[in-house]
6 protein chains.
Amino acid sequence: MPFIIVEMWDGRTVDQKKIVVEGITATFVKIGVPAEAVHIAIHDVPKHNWADGGKLASEPKSP
Amino acid sequence: MPFIIVEMWDGRTVDQKKIVVEGITATFVKIGVPAEAVHIAIHDVPKHNWADGGKLASEPKSP
Amino acid sequence: MPFIIVEMWDGRTVDQKKIVVEGITATFVKIGVPAEAVHIAIHDVPKHNWADGGKLASEPKSP
Amino acid sequence: MPFIIVEMWDGRTVDQKKIVVEGITATFVKIGVPAEAVHIAIHDVPKHNWADGGKLASEPKSP
Amino acid sequence: MPFIIVEMWDGRTVDQKKIVVEGITATFVKIGVPAEAVHIAIHDVPKHNWADGGKLASEPKSP
Amino acid sequence: MPFIIVEMWDGRTVDQKKIVVEGITATFVKIGVPAEAVHIAIHDVPKHNWADGGKLASEPKSP
């Protein structure tokens with residue numbers, strides 16, 4: 001407790017992921033959760049599998 | 001708002017994914033959600049990671 | 001196959017949810033999925049459990 | 001982009017949730033994501049719906 | 001490791017949930033995972049938030 | 001009904017996944033769910049995308 005799932009575009013480096021999991025874990029520690037109880041899974045989502053506003057993130061933006 | 005996660009077998013083309021994200025987004029627009037507020041992530045799940053009725057989708061069906 | 005999870009603010013009516021599940025299902029039928037294979041779960045998320053830009057959706061917007 | 005789902009026990013206050021969403025969002029800003037692109041949904045999970053080690057979190061611990 | 005999310009209709013008793021979490025945990029123990037590493041969250045989904053084949057599970061079936 | 005999502009480290013064999021989906025499905029049958037109504041998706045999460053206690057599972061443990 002707790003478990004956190006991160007859905008984000010793929011392409012992030014391992015160093016960026018370290019920053020992400022350290023920051024999220026430190027946040028839960030602030031509200032009294034022991035660090036070792038924080039579990040995180042990151043899903044690297046390719047841009048052709050992600051959409052905002054009905055357009056795949058891999059599609060060129062309209063001008 | 002909203003966020004939609006699609007779990008489906010891998011193997012779909014980008015054109016099929018375009019149809020999926022356009023259709024889902026248009027559906028939320030019908031109930032008053034602005035298109036740009038609709039976010040979608042598709043998880044391509046390999047058949048050996050998917051099961052129905054206790055059998056992996058990659059296993060041959062019994063006759 | 002497929003399974004779709006919708007994360008949205010609570011407060012939608014059952015009629016709006018009917019429109020949502022019919023529209024999403026029809027979208028998958030367009031790419032060749034049989035309607036009966038489409039499964040959907042809607043998570044009604046209270047606004048105090050949802051954040052955009054680091055602010056809970058239940059907080060008043062800054063002017 | 002990104003979308004974060006937090007599964008945690010229910011019972012947290014709105015002030016604790018504010019700390020959580022501010023901290024998670026600030027973390028993504030550190031790796032270059034604009035704050036307004038960070039979306040978070042918190043699922044409050046009752047202890048009788050949560051298990052570690054095969055025991056519901058609502059069950060008394062063995063001595 | 002691992003984390004399991006169960007999406008199911010609400011209405012199950014705590015005793016049924018105990019059977020579910022014990023059975024899932026025992027399954028992972030069979031492949032070498034220590035029981036205490038298995039974490040499970042159950043989402044109780046109301047029938048009006050669940051759809052199969054484009055129909056909410058709360059709707060009467062057509063004859 | 002139900003749908004189960006398994007988040008686990010990648011590297012498991014197909015035979016281990018068979019054991020997992022058979023065991024989870026058999027568990028739901030015990031509480032009265034027909035086997036064919038049980039759907040499962042496994043997400044293979046690389047260790048550099050998984051964190052416990054604020055450390056990626058791919059990082060060496062401190063002595």
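Me: Two strands pair if DSSP finds at least two bridges between them, and a strand is a DSSP run of E covering at least two residues. What is the order of the strands in the open sheet of eight strands?

Reply: The order is 4(B)-3(B)-2(F)-1(F)-1(E)-2(E)-3(D)-4(D), and the pairing is mixed. This is a predicted model, in which local features need pLDDT of at least 70 and side-chain atom pairs count only at pLDDT 80 or more, while totals for chains, interfaces and linings use all residues. Residues are numbered from 1 along each chain as its sequence is written, chains are lettered from A and ligands numbered from 1 in the order in which they are written, and side-chain values use heavy atoms, with hydrogens and water left out.

Me: What makes strand 4 of chain B and strand 4 of chain D edge strands?

Reply: Each has a single partner strand, so one side of each is left without a neighbour in the sheet.

Me: How do you know that strand 3 of chain B pairs with strand 2 of chain F?

Reply: Three bridges join these strands, which run antiparallel. Since at least two bridges are required, the strands are paired. Within chain F, H39(F) stands opposite D52(B).

Me: How do you know that strand 1 of chain B pairs with strand 2 of chain B?

Reply: Seven bridges link them, in the parallel sense. In strand 2 of chain B, V45(B) is the bridge partner of W9(B), and D44(B) is that of M8(B). Strand 1 of chain B also pairs with strand 1 of chain C, here antiparallel and over five bridges, with I5(B) opposite I5(C).

Me: What makes the β-α-β unit of chain B right-handed?

Reply: The unit consists of strand 1, helix 1 (residues 14–30) and strand 2 of chain B; a helix is a DSSP run of H or I of at least four residues. The crossover is called right-handed because, with the strands pointing away from the viewer, the path from the first strand over the helix to the second runs clockwise.

Me: Why is strand 2 of chain B described as largely enclosed?

Reply: Six of its seven residues are buried, so the rest of the structure largely encloses this strand. Buried means under 20% relative accessible area, with exposed over 50% and partly exposed in between (1.4 Å probe, protein chains only).

Me: Why is E59(A) called buried?

Reply: Its relative accessibility is 17%, so E59(A) counts as buried. A polar atom of the E59(A) side chain lies 2.7 Å from the backbone nitrogen of L56(A); a polar contact is a suitable donor and acceptor pair of N or O atoms within 3.5 Å.

Me: Why is V20(E) called buried?

Reply: V20(E) has a relative accessible area of 0%, so this residue is buried. V20(E) belongs to helix 1 of chain E.

Me: What makes a space a cavity, and how many of 30 Å³ or more are there?

Reply: On a 1 Å grid over the protein atoms alone, a cavity is a set of points where a 1.4 Å probe fits but cannot get out, and lining residues have an atom within 4 Å of a point. The count is one. The largest cavity has a volume of about 140 Å³, where volume means the space filled by probe spheres set on the points. Among its 18 lining residues, those closest to the centre are I5(A), I5(B), I5(C), I5(E) and I5(F).

Key. On a 1 Å grid over the protein atoms alone, a cavity is a set of points where a 1.4 Å probe fits but cannot get out, and a pocket is an open set with protein on both sides within 12 Å along at least five of seven lines; lining residues have an atom within 4 Å of a point.
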